[in-house]
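Subject: Structure for you to look at

Hello,

Here is the structure I promised to pass on. Please open it alongside this note, and I will walk you through what turned up.

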Amino acid sequence: MQSISPEIIFRGNNAWEKALPQIIKLIKSPLILGRSLYTRKLRSKIFRDLKSQKLKVNSAELQFDCCYEDIANVKKIIINNNHDSVIAAGGGKVLDSGKYIAELLDIPCVTVPLSASTCAGWTALSNIYTKNGQFIKDVSLRSCPKLLVYDHKFIQTAPSRTLASGIADALAKWYESSITSSTIDDGLVQQAIQISRVLRDQLLIDGEKAINGGFENNSSWRNTIEACGLTAGLVGGIGGEKCRTAAAHAIHNAITQIITPNKFLHGEIVGVGLLLQLKIEEMKNSNKLADQSIKQLLVLMKELNLPTTISDLGINVFENQNLEKIADFTCRDQSEIHFLPFEIQKKDIIEVIANFEQQKIKI
Ligand SMILES: [Zn+2]
């Protein structure tokens with residue numbers, strides 16, 4: 001069974017207003033789920049709009065992350081108040097929590113991404129973390145959300161850092177899917193890989209203009225937010241699990257195990273993982289193109305002010321056995337690193353990361 005996309009998608013300016021009649025037909029007493037202070041104003045608007053349509057609405061906030069503690073709390077609120085649906089309005093953690101809780105209770109989920117930082121508004125997947133943001137596991141869900149509202153006016157209110165993060169996460173699709181899945185003899189998988197190539201090309205062309213060109217009449221901005229929030233999800237939907245992740249996400253998951261005072265966004269960490277994946281390909285697979293890709297990506301990542309090394313993420317790998325810990329988690333049995341078409345051992349990861357962190361990378 002494969003769930004390729006949300007059942008209904010509204011996108012563009014005022015997509016929320018256009019979606020309202022459909023939402024009212026579908027649900028009568030939703031719980032609106034969110035997290036950050038930044039999005040409280042938008043969530044209040046969503047609340048008021050639904051209330052004025054005579055829906056029985058309530059709202060709740062995640063205290064920590066997409067973690068079992070928050071999931072249990074929100075589940076209890078929904079059961080105690082007889083809510084018939086979840087409207088998840090926020091970034092990836094909120095969207096993933098909403099989808100997961102809705103699946104547990106067998107009720108519909110409406111996703112309303114409030115930034116372009118991930119494609120979580122689209123996918124049939126939730127990433128579960130600890131309260132402190134350490135990755136635990138991916139959970140495949142039975143289906144994508146019932147309804148996705150991708151309102152450009154909402155996305156405009158997000159800090160530009162979230163878009164830069166979304167670009168890094170979406171760029172990884174091509175590098176991860178092409179290396180893991182190019183030998184799979186399945187037309188849909190091959191087509192998904194090709195979509196991720198076009199997606200990467202668009203981001204290389206439009207990414208910088210999207211960040212620096214403002215919102216008004218900026219087709220680069222529109223194309224980029226939709227690439228990050230929609231197309232990246234479509235690639236995962238069509239291509240399935242192996243089209244989603246490889247070393248870049250495996251390294252992301254490992255880096256989150258090190259708790260730091262400053263929180264970094266998912267795509268910011270994935271971007272660093274992507275550069276390291278390309279280094280691994282160069283070393284273990286004699287991929288001569290990998291070095292060119294690194295140089296090309298570094299230009300864009302610097303323009304977008306994205307971190308490019310683990311030390312940029314506030315972690316010294318040469319302290320507290322951090323390098324060992326990251327290599328251990330990257331190479332654990334269930335890690336996506338093993339989707340690579342060549343064998344990877346802990347010592348390879350240690351070597352690549354140590355070299356990468358020691359060198360001052362020159363563009
Ligand atoms: Zn990701």
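Let me start with the metal. The zinc ion takes its protein donors from Asp169 (OD, listed twice), His249 (NE2) and His266 (NE2), at 2.1 to 2.8 Å. Please keep in mind throughout that this is a predicted model. The angles among the 4 donor atoms run from 50 to 144 degrees, and the site of the zinc ion is classed as irregular. For four tetrahedral donors, the ideal angle at a metal is 109.5 degrees. Here the site counts as irregular because its angles of 50 to 144 degrees do not all lie between 85 and 135 degrees, as a tetrahedral site would need. Along the chain, the donors of the zinc ion are spaced as D-x79-H-x16-H. His249 belongs to helix 9 (residues 247-255) and His266 to helix 10, so this pair ties together parts that are 17 residues apart in sequence. Are these two histidines, His249 and His266, buried or exposed? His249 is buried, at 9% relative accessibility, and His266 is buried too, with a relative accessible area of 17%.

Just before helix 9 in the numbering, have a look at Thr245, which sits in the loop between helix 8 (219-239) and helix 9. Thr245 counts as buried because its relative accessibility is 11%, and the cut-off for buried is under 20%. Which residues does Thr245 touch, apart from its neighbours within four places in sequence? Its contacts are Glu176, Thr180, Glu336 and Phe339.

Next, helix 11 (residues 288-303). Its buried residues are Ala290, Ser293, Ile294, Leu297, Leu298, Leu300 and Met301. These buried residues pack against helix 6 (160-181), helix 7 (187-212) and helix 10 (266-284). Both ends of helix 11 have something to show. At its start, a side-chain oxygen of Asn287 comes to within 2.9 Å of the backbone nitrogen of Leu289. After helix 11 comes Asn305, with a positive phi near 65 degrees.

Now to strand 8 (147-151). Of its 5 residues, 5 are buried. Leu147, Val149 and Asp151 lie on one side and Leu148 and Tyr150 on the other, and both faces are covered. Which strands does strand 8 run parallel to? One is strand 1 (residues 8-12), joined to strand 8 by 5 bridges; within this pairing, Ile9 stands opposite Leu148. Another is strand 5, joined to strand 8 by 2 bridges and also parallel. There, Val110 has Leu147 as its bridge partner.

Finally, the charged pairs. Side chains of opposite charge can pair when their charged atoms come close. How many salt bridges are there in this model? The count comes to 19, and a few of them are worth finding on your screen.

Lys93 and Asp65 form a salt bridge through their side chains, at 3.4 Å from N to O. This pair links distant parts of the chain, 28 residues apart: Lys93 is in helix 4 (residues 92-105), while Asp65 is in the loop between strand 3 (58-61) and helix 3 (68-80). Lys93 is partly exposed, at 23% relative accessible area, whereas Asp65 is buried, at 5%.

Glu103 and Arg142 make another salt bridge, with their closest N and O atoms 3.7 Å apart. Glu103 is in helix 4 and Arg142 is in the loop between strand 7 (135-140) and strand 8, so the pair ties together parts that are 39 residues apart in sequence. Arg142 is partly exposed, with a relative accessible area of 46%. Arg142 also forms a salt bridge with Asp106, where the closest N and O atoms are 3.6 Å apart. That pair again links distant parts of the chain, since Asp106 lies in the loop between helix 4 and strand 5 (109-113), 36 residues from Arg142. Asp106 is exposed, at 64% relative accessible area.

One more group to pick out: Glu17, Lys45 and Asp49 are linked in a network of salt bridges.

Happy browsing, and best wishes.

Notes. Residues numbered from 1 in each chain as written. Predicted model: local features only at pLDDT ≥ 70, side-chain atom pairs only at ≥ 80, totals over all residues. Heavy atoms only, no water. Buried < 20%, exposed > 50% of the residue type's maximum accessible area, 1.4 Å probe, protein only. Helix = DSSP H or I, 4+ residues; strand = E, 2+ residues; numbered from the N terminus. Contact = heavy atoms within 4.5 Å. Polar contact = N/O pair within 3.5 Å; in protein donor to acceptor, adjacent residues only side chain to side chain. Salt bridge = Lys/Arg side-chain N within 4 Å of Asp/Glu carboxyl O. Pairing = 2+ DSSP bridges. Donors = N, O, S within 2.8 Å, 3.2 Å for Na, K, Ca; no water. Tetrahedral: all angles 85-135°; square planar, octahedral: opposite > 155°, others 65-115°.
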